[in-house]
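Reader: I have the chain open and some questions ready. Can we go through it briskly, one point at a time?

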Amino acid sequence: MDAESGCGAASARKKSWRSELVLAYQSLGVVYGEVATSPLYVYKSAFAGGDIDHSEGNEEIYGVLSLVFWTLTLITLLKYVLVVLRADDDGEGGTFALYSLICRRVRAGLLPGVGDSSAADDDLKEQRDGALLPPPVSTARAALQQRRELQWLLLLFALLGTSMVIGDGVLTPAVSVFSAVSGLKLSMVNEQHQYVLLPVTCVILVGLFALQHFGTHRVGFLFAPIVCLWLLCISTIGVYNIIVWNPHIYKALSPYYMYSFIQKTQVGGWMSLGGILLCVTGSETMYADLGHFSQSSIKIAFTMVVYPSLVLAYMGQAAYISQHHNFERNHHIGFYISVPEKIRWPVLGIAILAAVVGSQAVITGTFSVIKQCCSLNCFPRVKIVHTSSTVHGQIYIPEINWILMILCLAVTIGLRNTKQMANAQGLAVITVMIVTTCFMSLVIVLCWNKNVVFALAFLLFFGAIEAVYFSASLVKFHEGAWVPIILSFTFLTVMCVWHYGTTKKYEFDVDNKVSISWLLNLGPSLGIVRVRGIGLIHTELVSGIPAIFSHFVTNLPAFHQVLVFLCIKSVSVPHVQPEERFLVGRIGLKQYRLYRVVVRYGYRDVQQDSLEFEKALVSSIAEFIRSGDSDKNGYPDGSESPYERLSIISKGLPFQEADGEVEGSPESSVRKDTNPNLVSSKSRRVRFVLPENAQINSEVCNELQELTEAREAGMSFIMGRSYMKAKSGSSLMKRIAINFIYEFLMRNSRGPAYAANVPHVSTLEVGMVCQV
């Protein structure tokens, strides 16, 4: 038996390694397209600004190579691969994942309805931390919990990083494709390429965005081979250039050449750092795509394939440039000048394909980030299309796709040169990295429970490096760096106004909710006519009666026999397991037939379609009824006010729907048979399948019977439409934000995700004016 178990364990390990290697291979096409194409423009950007010149002594090119090598090693390899990748939020990565992780551990979130709504959600979030114990009380933890301005600063940082990621989604396709196509300069005379370069770039960009609706899974099998071929190509050319032109170029990897470079070039060398920074573009994408792969697969792919190939490519370019000092101005130290002339056309084709793959990964990452923001109420609701039923995270957002395309074309046509595009991209990339560094220092203290010394060391070491690069990028404001600032300011304004308006609306709903005592005074019939069917009232509240209910019954005193106050809630975890999704409770007495259902989704969960959702909802309510809810749960400690107790329904009571009549009188329509079922005698039968040996009393049986009758009669959705208006006397800024910007965003955003597939004939919209 020991030998058999040993063989089984060895087989499992072998299978695990095989799976990791397959994932590592797949990650090459999804994760590393952007960083793999950076050799196209790093050296050109570093020298193109005129800040430094290439001299006969080669101090400049050796210094740039040394800076590129150590920047790639310290930031991408050491910071991201060895440290940041470990800070996953239930397997997910990215700016919002870090923010969610911190807020859950500290319970200091500001997202409306996410951080402070129910104890059940707190339990769920604690479970998501796995084996982590609650961290000890610390100064940082206490400060974040007590100081609201620090919570706002934390959220603002998260939104700033997210807006820069969106800006990178605009800039990266423009830079990558334009740099790849620029190889046409070496094969055409100047009069020709100046008329061809820009139109070809625009055509490729339009085609790239037009193909997004097919999803990456349709052409995903091509991505990894293209990136592998590109890495093989640049590393082979690098080895060739090293052997032929300068076999001793490896000496330039010494940090001494960085010191010598800065000493000689001084201010010019500092300003050239904005171009050198581009060697680490794609590092944040690697972390953001963590949810699609595993930590080990991403680490294997980078350390074994990507990192060595990039180092050889940069060394090869430097070796060629060190022996060639007389370049024409138009071809100044570009990538293609170091490619042997006989293979330039094939390399050009491979480079364009690699640039398209890299741009595809960034665009898909932008979609994922915006989906996270929508789930946490920090971005207007947009249409999210899941392009793959098997691969999680592959989505398409039509509105964002076309906005990105228009902005990308505008940047390409407006700037028209690699230098300014690279300056713009560099500032966006380094800003996101600084945000990640700040968040990681908090994760080390608050989530990993490490000594504050480790967090300070991480912050000061990497923060100092990134601050130098940030200053070098910011100084190029007039040379293209203004573009990401304008883009990020626009997206940041949209996200902040949407967050502010959503928060104010939630506060209005909480302040104006109807008291339970008002409901009790209406009596069992609620003082209105009860008609057949189930009425679903959508609300953002998880307790109390929404004001929309009283507004509706005041104007139309008739309602359904079964009322369900439905709250679709996003919690700050990536995924919620199906058995933890539904929370069901009762409002008032049993004869009221009023229920509250809270449905929880993580910010990366796929919401069910309307039919499946309705079935799961009814099943959960039926299981709540069958599980034995009693009046003592409604009146704890003898108090007169009903106590809204929510129960987690791990598995709903299954039921079947079928056409036909049920034999027997109406009095015997609810019964047990050989396979114990509850049956109602209607043309559209609903049959609840009870567990074996289940014992139910007549009261529960009657309640289930009424639920089946209501389900057979149909389900109606009552949606609230709130018109936001700032109160009289509000400041000018608040009136502009609420009355104009937020209302404009509300009118042009999508409805709730679960209501997208609800038939219009089953939907009733009730409008209210909210004075905030």
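Reader: In which loop is Arg416 found?
Author: This is a predicted model. In it, α17 is followed by Arg416. That residue is found in the loop between α17 and α18 (418-446).

Reader: Is Arg416 buried or exposed?
Author: Exposed means over 50% relative accessible area. Arg416 counts as exposed because its relative accessibility is 53%.

Reader: What is the phi of Arg416?
Author: Arg416 is not a glycine. Its phi is positive all the same. The value is about 65 degrees.

Reader: What should helix α17 span, and what does it span?
Author: The helix covers residues 398-415, which is 18 residues. At 1.5 Å a residue, the expected span is 26 Å. The end C-alpha atoms agree with that, at a separation of 26 Å.

Reader: Which residues of α17 are buried, and what arc do they cover?
Author: The buried residues are Pro398, Ile400, Asn401, Leu404, Met405, Cys408, Leu409, Val411, Thr412 and Leu415. They lie on the same side of α17, because the arc they cover around the axis is only 160 degrees.

Reader: Why would residues three or four places apart point the same way?
Author: The answer is in the helix geometry. Residues three or four places apart point the same way because an α-helix has 3.6 residues a turn.

Reader: Which residues are exposed on the other side of α17?
Author: Exposed calls for over 50% relative accessible area. On that other side of α17, the exposed residues are Ile406 and Gly414.

Reader: Where is Asn449, and what is its phi?
Author: Asn449 lies in the loop between α18 and α19 (452-474). It counts as partly exposed, with 36% relative accessibility. Asn449 is a residue other than glycine, yet its phi is positive, near 60 degrees.

Reader: How many salt bridges does a search of the whole structure find?
Author: Side chains of opposite charge can pair when their charged atoms come close. The cut-off for a salt bridge is a side-chain nitrogen within 4 Å of a carboxyl oxygen. The search of the whole structure finds 9.

Reader: How far apart are N and O in the salt bridge of Glu59 and Lys264?
Author: Glu59 is in helix α4 (residues 59-81) and Lys264 in helix α11 (residues 256-265). The two are 205 residues apart, so the pair links distant parts of the chain. Glu59 is partly exposed at 29%, and Lys264 is partly exposed at 44%. Their N to O distance is 3.2 Å.

Reader: Is Glu60 buried or exposed, and how close does its salt bridge with Lys264 bring N and O?
Author: Glu60 is buried, with a relative accessible area of 5%. In the salt bridge of Glu60 and Lys264, the closest N and O atoms are 3.0 Å apart.

Reader: Which parts does the pair of Lys264 and Glu60 tie together, and which residues form one network?
Author: Lys264 lies in helix α11 and Glu60 in helix α4, so the pair ties together parts 204 residues apart in sequence. Salt bridges that share partners make one network. Its members are Glu59, Glu60 and Lys264.

Reader: How close are N and O in the salt bridge of Glu706 with Arg593?
Author: Glu706 is in helix α25 (residues 698-713). Arg593 is in the loop between β5 (582-586) and β6 (594-602), 113 residues apart from Glu706. Glu706 is partly exposed at 22%, whereas Arg593 is buried at 12%. The closest N and O atoms are 2.9 Å apart.

Reader: Which residues make the nonpolar surface patch of about 450 Å²?
Author: One of them, Tyr240, is found in helix α10 (residues 216-245). Tyr240 is partly exposed, at 41% relative accessible area. The patch is made by Val239, Tyr240, Ile243, Val244 and Trp245.

Reader: Which residue offers its backbone oxygen to the side chain of Asn241?
Author: Asn241 is also found in helix α10. It is buried, with a relative accessible area of 2%. A polar atom of its side chain lies 3.1 Å from the backbone oxygen of Ser338.

Reader: How far apart in space are Glu540 and Cys567?
Author: Glu540 lies in the loop between β3 (529-538) and α22 (547-555). It counts as partly exposed, at 30% relative accessibility. Glu540 and Cys567 are 27 residues apart in sequence. C-alpha to C-alpha, they are 5.5 Å apart.

Definitions and conventions:
Residues are numbered from 1 along each chain as its sequence is written. This is a predicted model: local features need pLDDT of at least 70, side-chain atom pairs count only at pLDDT 80 or more; totals for chains, interfaces and linings use all residues. Side-chain values use heavy atoms; hydrogens and water are left out. Patches are made of residues with over 30% relative accessible area and no salt bridge: like charges are joined within 9 Å, nonpolar side chains (Val, Leu, Ile, Met, Phe, Trp, Tyr) within 5 Å. Accessible areas come from the Shrake-Rupley method with a 1.4 Å probe; for residues, only the protein chains shown count as cover. Helices (H or I, at least four residues) and strands (E, at least two) are DSSP runs, numbered from the N terminus. Buried means under 20% relative accessible area, exposed over 50%, partly exposed in between (1.4 Å probe, protein chains only). The expected span of a helix is 1.5 Å times one less than its number of residues. The arc is that of the directions from the helix axis to the C-beta atoms. A polar contact is a pair of N or O atoms within 3.5 Å; within protein, one must be able to donate a hydrogen and the other to accept it, and residues adjacent in sequence count only if both atoms are side-chain atoms.
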